[in-house]
Amino acid sequence: MSFYQEYSQFNQLDFNSFFKEVNSADVERVLGKERLTKKDFLTLLSPAASNYLEEMAQQASKLTLQHFGRTMLLYLPLYLADYCVNQCLYCGFSVKNKFERSKLDLTEIEEEAKAIAEKGIKHLLILTGESRKHSPVSYLKESVLLLKEYFPCLSIEVYPLEVAEYQELIAAGVEGLTIYQEVYDQDIYEEVHPDGPKSDYLYRLDAPERGCQAGMRQVNIGALLGLGQWREEAFFAGLHAKYLQDKYLETEVNLSVPRLRPHLGNFQPNSIVGDSQLVQILLAYRLFLPRAGLNLSTRERAELRDNLLPLGITKISAESSTEVGGYAEPQEGTNQFDISDDRDVDEISKLLDNKGYQTVFKNWHRI
Amino acid sequence: MADRLLIGDKELDSRLFTGTGKFANQNLIPETIKAARSQVVTMALRRVNFDSPQQNVINYIPEDCVLLPNTSGARTAEEAVRIARIAEAAGCGNWVKIEVVSDNKYLLPDNQETIKATEILAKEGFVVLPYVSPDLMVAKRLEEVGAAAVMPLGAPIGSNRGLKTKEMVRILIEEIELPIVVDAGIGKPSQAAEAMEMGADAVLVNTAIATAKDPVVMGDAFAAAVEAGRKAYLAGTGAVKKYASASSPLTGFLKEDQG
């Protein structure tokens, strides 16, 4: 059993006719319910529901407060390497983009770790470009063994691995896995990933599940908004999260809402996700999955991030550098994408305080 | 005679246990605990930031309170045991609230694993307060393996639904010698009073206080409700009659016979 079965089943659905038939009464009925079905979730992603964003926001905000309190977890990403063998048409790290690639050695990783730990950060997300050759599991493991001395919680965002490989990294000190399907629509997926290992749709789709099977404490998934039709993409990402939540009770499931950002190259989005569409997606996620973590990165601009906070967000990143390293000695390098919010840890923490949130730096103690 | 609650080696005047999670600002914690007149305060070890005096939640808990580190995040008995030992080694004392939750949707406790962890830690000398779904046989087992109290949930954590498990908790109160501390689900002071009126020894409230518009005032409100409920229990609430006094008694003839 894989989420692919569920994807295939719902993919038969005529989304356009469904959305055409949804009216305000349907949306209101869903808003009166306590537990939402998959069909209810889709109703909240409909054009008709876009007139109910305020009502949805009130409910989402209340649910989030109830389950997560007035707190926000803060984390930082660290890019270890930008070597990549894939050809994602929308990404600055694509092998087709020519720039000088780099990879941190253990001494450099330790310098970055010290600089980041100095800021008070406890949750670190480590990333690499997708290249088994340049960033093999052995390299990830050595990095983790070193970084765990500085951070009580480590997550990885790397190329998809086998269950045994995830287990090896968990044993070394990894708690969380982030892996985005990018686009659930299989046709578009194959189009935008024309070659390289990432062109294997199924292997990527099952990666979060392999992470759960390996015993990850947290798994974070998402659709890269803009690649496919956003209502359907958000629907499948939400269903995928629910599938994992239902099947792997011990894993905390999180969703991210990354939107396509400008980057090296000139890919144009297939569907434009404006701010109000982003809000609708976030709210639908929260109402459908009251206990899922919702994650907001520095891809979004500062002002928008501030306004999105009370709508269901539970985790945010700060002063992210999307170049390799970049904390010990910041420099102008090649970024995976441009970030929009460059406020530092102290600024974000003050902002959260002003907005009535406690910044949570530490939410895990390695045992 | 003073009405004190005995748990482990401590005699407590307050029957309202509070928590430290979900506050908008940790600076609110000391004043809230003071207003709640709480003497036992729980905190998740995983949240304790020992590296930063400003962030370390322990520094916000008044010194005369008993620290009740909890094992939030533990998925098995073994993980709970490890967390408890880390907490003790870090100077959090020898009280521990066992939370073994391997269900991330409702956050319901795993009773079997909780019994295992309680047995191990009680043997090691911990004062163990296990958080469980109310179940008589589980509570009996906890009693046998050395728990210091039993903490049945009133409703799922953070749900503010009140005493949904009332009948099951009532049975624990009747049948279990250990103190019964109703933990989780209590959303309003009236629900805390309800638990105390029926004979619970204490309640633990976090979400309803921490996420209130004014946590300090809400802490005070809960303290008053817990005190009122306890007094009512001690005073003996009037018996609720299950039947009306019949106007044509069926056993009237017995009186005639006797008279």
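Of the 106 residues in the largest nonpolar core, A:Leu74, A:Leu80, A:Leu124, A:Ile126, A:Leu282, A:Ala284 and A:Tyr285 touch the most other members. A nonpolar core here is a set of buried Ala, Val, Leu, Ile, Met, Phe, Trp, Tyr and Cys residues joined through C-beta atoms within 7 Å. As for "buried", that takes 20 or more other C-beta atoms within 10 Å of a residue's own; 12 or fewer makes it exposed, anything in between is partly exposed, and the C-beta atoms are placed from the backbone.

A quick word on the ground rules: this is a predicted model, where local features need pLDDT of at least 70 and side-chain atom pairs count only at pLDDT 80 or more, while totals for chains, interfaces and linings use all residues. Residues are numbered from 1 along each chain as its sequence is written, and chains are lettered from A and ligands numbered from 1 in the order in which they are written.

Back to A:Ile126. Leaving aside neighbours within four places in sequence, A:Ile126 is in contact with A:Leu78, A:Leu80, A:Ser143, A:Leu147, A:Leu154 and A:Ile156; contact means C-beta atoms, placed from the backbone, within 7 Å. Apart from the 106-residue core lies another core, of 79 residues, with B:Ala44, B:Ile83, B:Leu142 and B:Met196 among them.

Now for helix 13 of chain A, residues 275–288. Helices (H or I, at least four residues) and strands (E, at least two) are DSSP runs, numbered from the N terminus. Helix 13 of chain A has 14 residues and reaches 20 Å from first C-alpha to last, close to the 20 Å expected at 1.5 Å a residue; that expected span is 1.5 Å times one less than the number of residues. Since 11 of its 14 residues are buried, helix 13 of chain A is largely enclosed by the rest of the structure. The buried ones include A:Leu282, A:Ala284 and A:Tyr285. In chain A they pack against several elements, including helix 5 (53–68), helix 12 (230–247) and strand 6 (252–256).

Strand 6 of chain A is also largely enclosed by the rest of the structure, because four of its five residues are buried. Strand 6 runs parallel to strand 5 (residues 218–222) of chain A, and five bridges join the two; strands count as paired if DSSP finds at least two bridges between them. One bridge links A:Asn220 to A:Asn254. Getting from strand 5 to strand 6 of chain A takes the chain through helix 12, in a right-handed β-α-β crossover (with the strands pointing away from the viewer, the path from the first strand over the helix to the second runs clockwise). Strand 6 of chain A also pairs in the parallel sense with strand 7 of chain A, over three bridges, and there A:Asn254 stands opposite A:Gly293.

Where the chains meet, 27 residues of chain B are in contact with 24 residues of chain A. Helix 2 of chain B gives the most to chain B's side, with four residues.

Finally, two chain B residues with positive phi that aren't glycines:

| Residue | Phi | Loop in chain B | Other C-beta atoms within 10 Å |
|---|---|---|---|
| B:Arg37 | near 55° | between helix 1 (28–36) and strand 4 (40–44) | 18, partly exposed |
| B:Ala184 | about 85° | between strand 9 (181–183) and helix 6 (189–197) | 27, buried |

Definitions and conventions. Contact = placed C-beta atoms within 7 Å.
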